[in-house]
Amino acid sequence: MGRKAQQHWYALYQQLQPQVDSYQGSSSLNLFLRQLAEEVNYDAKMLTRMLKAGQFLDSLVGPLTAEQVRCGYAHIELLERLYHHDASLAEASVPGCLSNEMTLKALREAIEASVEKAGGGPATLRSRARARVVEHERLCQAALLDAGAAFFGYPAGELIKVTHSNFFSQFFMVQAGQQPKVAIFARVGDTSRKEEKASADLLKLACLAQAYFEKVWILFPPDSSLIHELASHAYAMGAFEKWLFLGTLNSENGTIECFDNLERRLERGLYGDSPLGWEGITLPERRPAHGNFVLRTAPEPS
């Protein structure tokens, strides 16, 4: 049996959107969309993009006929992106889009120009974040050269910048007697994530490194708030200033300063909050369950 002839995307949107809007079935909407996609011989993701593009086009210029929409849905997707950066330019670009006289390349260039003009956007934010990481790593290297291996307890040791490691990516270490002694990680902190999650990930990194090093250091910028959360977690698991050490770079002279502030830990104690709390459900009964992780102590030798 031959494949069904595929329809104009906007005509298909007009045909299917009322069914989506009035859907009251028991299965999920995503499943319903997959069923619709099979019926009209389209990939489900592609159909979802078409419906979203049609919704935006209708919200921008009102219902049209399929004959009036000579462009593809990809044009409308880019038009929507442009609208979020420059609404007036997007509205002025509608006739060129609908007539298919405005190319996808032209739309992308218009988006890039609008983002650059505004001085923001995801690409710019990513580049700024990357620049901050690179600058922090540069400052950490300068501080390490100034401090030397003696700062970490190994006067006769040597500082090494590890440029490749499958376990730890790029980091610094102190080696003494041809043996790795101290792992030193430069970290800025991901501002897009909750500090609790970010500090937990750093603790996982530190615990992995502890299996191979006597000490683990993590160096942060002077204005880091993540370091307070990490110190609290590290103290709770008995690692803080035992084998895990935290430091910041002095904002004036760039030297390394040991971090020993446990105010976050004290606050948690006052309010009964614990970074080691957990919640879940029992299986198979599915009853709510909660508790706190308790530090496991090694058994005494017999």
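Buried, on this tour, means under 20% relative accessible area, while exposed means over 50% and partly exposed covers what falls in between. With that in hand, select C140: its relative accessible area is 0%, so C140 is buried. Keep in mind as you click along that this is a predicted model.

**The whole chain**

Start with everything shown as a cartoon. You should find ten helices and eight strands in the protein chain. The chain has 302 residues, and 37% of them count as buried. Now switch on a surface: about 18,800 Å² is exposed, with carbon and sulfur atoms supplying 52% of that area. Contacts reach far along the sequence too. Of those between residues at least 6 apart, 60% join residues at least 24 apart.

**First stop: the largest core**

Nonpolar side chains tend to be buried together in soluble globular proteins. To see this chain's largest nonpolar core, which has 36 residues, select W9, L57, V69, I76 and L79, the residues with the most contacts inside it. Then colour helix 1 (9-21), helix 2 (29-39), helix 3 (44-61), helix 4 (73-85), helix 5 (87-98) and helix 6 (104-118), each of which gives two or more residues to this core. Helix 3 provides the largest share, seven residues.

Zoom in on I76 next. Leaving aside residues up to four places away in sequence, I76 touches W9, A53, F56, L57 and C71. A separate core lies apart from this one; it has 27 residues, among them V162, F168, F171 and W243. We will come back to F168 shortly.

**Second stop: C71 and the cysteines**

Stay with C71, one of the residues that I76 touches. C71 is buried, since its relative accessible area is 3%. Which cysteine sulfur is closest to the sulfur of C71? Select C97: its sulfur is 5.9 Å away, too far for a bond. A search of the whole structure finds zero disulfides.

**Third stop: helix 5**

C97 also takes you into helix 5, where the buried residues are A90, S93, V94, G96, C97 and L98. Residues three or four places apart on an α-helix point the same way, because there are 3.6 residues a turn. Put a distance label between the first and last C-alpha of helix 5: its twelve residues reach 17 Å, close to the 16 Å expected at 1.5 Å a residue. Just beyond, pick N100, which follows helix 5 and has a positive phi, near 70°.

**Fourth stop: a polar residue in helix 1**

Move to Q17, which lies in helix 1. Is Q17 buried or exposed? Its relative accessibility is 7%, so Q17 counts as buried. Show the side chains of L51 and Q55 as well, as Q17 touches both of them, not counting residues up to four places away in sequence.

**Fifth stop: the aromatic cluster**

Across the whole structure, a search finds 17 aromatic pairs. Select F168 and Y212 for one of them: the ring centres are 6.5 Å apart and the planes are at 75°, so this pair is edge-to-face. F168 sits in the loop between strand 1 (158-162) and strand 2 (171-176), and Y212 in the loop between helix 8 (195-210) and strand 4 (215-220), so the pair ties together parts 44 residues apart in sequence. The two partners are not equally covered: F168 counts as buried at 7% relative accessibility, whereas Y212 counts as partly exposed at 46%.

Now add F213. Its ring centre is 6.4 Å from that of F168 and the planes are at 65°, so this pair is edge-to-face as well. F213 lies in the loop between helix 8 and strand 4, so its pairing with F168 ties together parts that are 45 residues apart in sequence. F213 is buried, with a relative accessible area of 8%. To see the full group, select F167, F168, F171, F185, Y212 and F213, which ring pairs link into a cluster.

**Last stop: N253**

Finish at N253, in the loop between strand 5 (244-249) and strand 6 (256-258). At 51% relative accessibility, N253 counts as exposed, because the cut-off is over 50%. Draw one more distance, from N253 to A143: their C-alpha atoms are 9.1 Å apart in space, although the two residues are 110 apart in sequence.

Terms used
Residues are numbered from 1 along each chain as its sequence is written. This is a predicted model: local features need pLDDT of at least 70, side-chain atom pairs count only at pLDDT 80 or more; totals for chains, interfaces and linings use all residues. Side-chain values use heavy atoms; hydrogens and water are left out. A nonpolar core is a set of buried Ala, Val, Leu, Ile, Met, Phe, Trp, Tyr and Cys residues joined through side-chain atoms within 4.5 Å. Buried means under 20% relative accessible area, exposed over 50%, partly exposed in between (1.4 Å probe, protein chains only). Helices (H or I, at least four residues) and strands (E, at least two) are DSSP runs, numbered from the N terminus. Contact means heavy atoms within 4.5 Å. The expected span of a helix is 1.5 Å times one less than its number of residues. Accessible areas come from the Shrake-Rupley method with a 1.4 Å probe; for residues, only the protein chains shown count as cover. Rings of Phe, Tyr and Trp (its six-membered ring) pair if their centres lie within 6.5 Å; planes under 30 degrees apart count as stacked, over 60 as edge-to-face and the rest as tilted. A disulfide is a pair of cysteine sulfur atoms within 2.5 Å.
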